[in-house]
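I opened a fresh page for this protein today. Here is what I looked up, in the order I went through it.

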Amino acid sequence: EPIVYDSEGNEVQEPRLKSLLNRPNVLDSWQSYVFESTADLVLNGNCYGLEVVTIRGVEEIWPIAPDHMDAETTGDMMRPVRIWTISNGNGAIRVPPERMIHAHRKLDTEGVYGISPLRPAGRSIKQQTSARKWNQSLMDNGAKPSLAIEVPEKMERWQFTEFMSRVREGHAGVSKAGSTMVLDGGKKLSGSAGFNARDMDYSQGVTTSGREIAIALGVPPELVGDSANKTYSNAAEANKEFALHTVVPYANRLYGAISSKVCPFYPGVARIGFDSSQIDGMRGDEAAIMAALQASTFLTVNEKRQRLGFEPVPNGDVILTDMGNVP
């Protein structure tokens, strides 16, 4: 849930802004808007939002897919975009930079678009695709390698075509795996007719490339099925690492971009933020947190309740200490 702050870091209540954040547009809730925008930011390196502004301020915010965005550049590194163009099936909409919310990763050399994390992972993605195609081809051909067959004399074209047809019909395909090949007319097979264990171990390459893709996206490999070092303690640390070094930085970029374009319309509002302690992986062990709060002597009852997400109670703003403690 978004939280609105003033310039001193205090939470403020701004009903119009709260209403906008709860329902950015007629189709999206805040959660769905953030989900779509974050997905674009993670995969493309950019996410965009179009402000609908009236005399009363920002009325709506619409997420725009990065594939529909194009920038007319100025060549000025301080203000690189002259105008944004949103293309759709019915034409194009030209939007000034002041109305476009643009969150991005590291910018490219022109300072316009963020660099997608899939770019450095491109080779690993190709390796994943090639490995799976290679394995599928093996299965389709009965897990046999490419063969070289020597013939004692030159074959006529029709003889060659007929012979290759018989080979494919009798030995290609999953259902023909393990079948015996009989060669006549003095033909003989060159090379091995099967794979050894190392040749068939393509899974190691798939695992390695999958790990590289996960790392490029900021996801610990343990969270995407890499079970090499997966234990319960490692899984807990991986969740914390993912939240601390991936979820929170992406959220900060998105919330920061929204704040820079929306907050100026609301006097007294400096930024829009979130409670990072409510993110899965940042909460820590609930039992340990409860014990630490219970033992704390410098927090009020309401401060402890707030940390756990409960409402304040009357007379809960007094610090309680043991009777043996001397002021």
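**Entry 1: overall make-up.** I began with the secondary structure and noted 9 helices and 10 strands in the protein. A reminder to myself: this is a predicted model. Next I checked burial, and buried residues make up 30% of the 327 residues. For the surface, I wrote down an accessible area of about 21200 Å² for the protein, with 54% of it belonging to carbon and sulfur atoms. I also looked at how contacts spread along the chain. Among contacts with a separation of 6 or more, 57% are between residues 24 or more positions apart.

**Entry 2: the inside.** Which residues have the most contacts inside the largest nonpolar core? I found L17, I258 and V262, in a core of 34 residues. I then listed the elements that give two or more residues to this core: helix 1 (15–22), helix 2 (30–44), helix 6 (203–216) and helix 7 (232–262), along with strand 3 (57–64) and strand 7 (100–104). Helix 7 gives the most, with 9 residues.

I stayed with V262 for a moment and looked up what touches it. Leaving out residues up to four places away in sequence, V262 is in contact with L17, L20, E51, I61 and I101. Apart from this core I noted another one, of 11 residues, and Y48, I86, M100 and V112 are among them.

**Entry 3: salt bridges.** How many salt bridges does the structure hold? I counted 4. I looked at three pairs in detail.

The side chains of R56 and E59 form one of the bridges, at 3.2 Å from N to O. I checked how open each partner is: R56 counts as exposed, because its relative accessibility is 60% and the exposed class starts over 50%. E59, at 29%, counts as partly exposed.

E72 and R82 also meet through their side chains, at 3.4 Å from N to O. E72 sits in strand 4 (residues 69–73) and R82 in strand 5 (residues 81–88), so this pair ties together parts that are 10 residues apart in sequence. Both ends are partly exposed: I noted a relative accessibility of 30% for E72 and 45% for R82.

Then I found E72 again, this time with R94, in a salt bridge of 3.3 Å from N to O. R94 lies in strand 6 (residues 91–95) and E72 in strand 4, so the pair ties together parts that are 22 residues apart in sequence. R94 has a relative accessibility of 53% and counts as exposed. I drew E72, R82 and R94 together on the page, as they are linked in a network of salt bridges.

**Entry 4: a nonpolar spot outside.** Which residues form a nonpolar patch on the surface? I wrote down V301, V318 and L320, with about 260 Å² of accessible area together. I followed V301 further and placed it in helix 9 (residues 301–307). Why can V301 be part of a patch? Its relative accessible area is 32%, which makes it partly exposed, and patch residues need over 30%, so V301 passes that cut-off.

**Entry 5: to keep in view.** If you have the model open, three places to visit are V262 in the largest nonpolar core, E72 in its salt-bridge network and V301 in the surface patch.

Methods:
Residues are numbered from 1 along each chain as its sequence is written. This is a predicted model: local features need pLDDT of at least 70, side-chain atom pairs count only at pLDDT 80 or more; totals for chains, interfaces and linings use all residues. Side-chain values use heavy atoms; hydrogens and water are left out. Patches are made of residues with over 30% relative accessible area and no salt bridge: like charges are joined within 9 Å, nonpolar side chains (Val, Leu, Ile, Met, Phe, Trp, Tyr) within 5 Å. Accessible areas come from the Shrake-Rupley method with a 1.4 Å probe; for residues, only the protein chains shown count as cover. Helices (H or I, at least four residues) and strands (E, at least two) are DSSP runs, numbered from the N terminus. Buried means under 20% relative accessible area, exposed over 50%, partly exposed in between (1.4 Å probe, protein chains only). A nonpolar core is a set of buried Ala, Val, Leu, Ile, Met, Phe, Trp, Tyr and Cys residues joined through side-chain atoms within 4.5 Å. Contact means heavy atoms within 4.5 Å.
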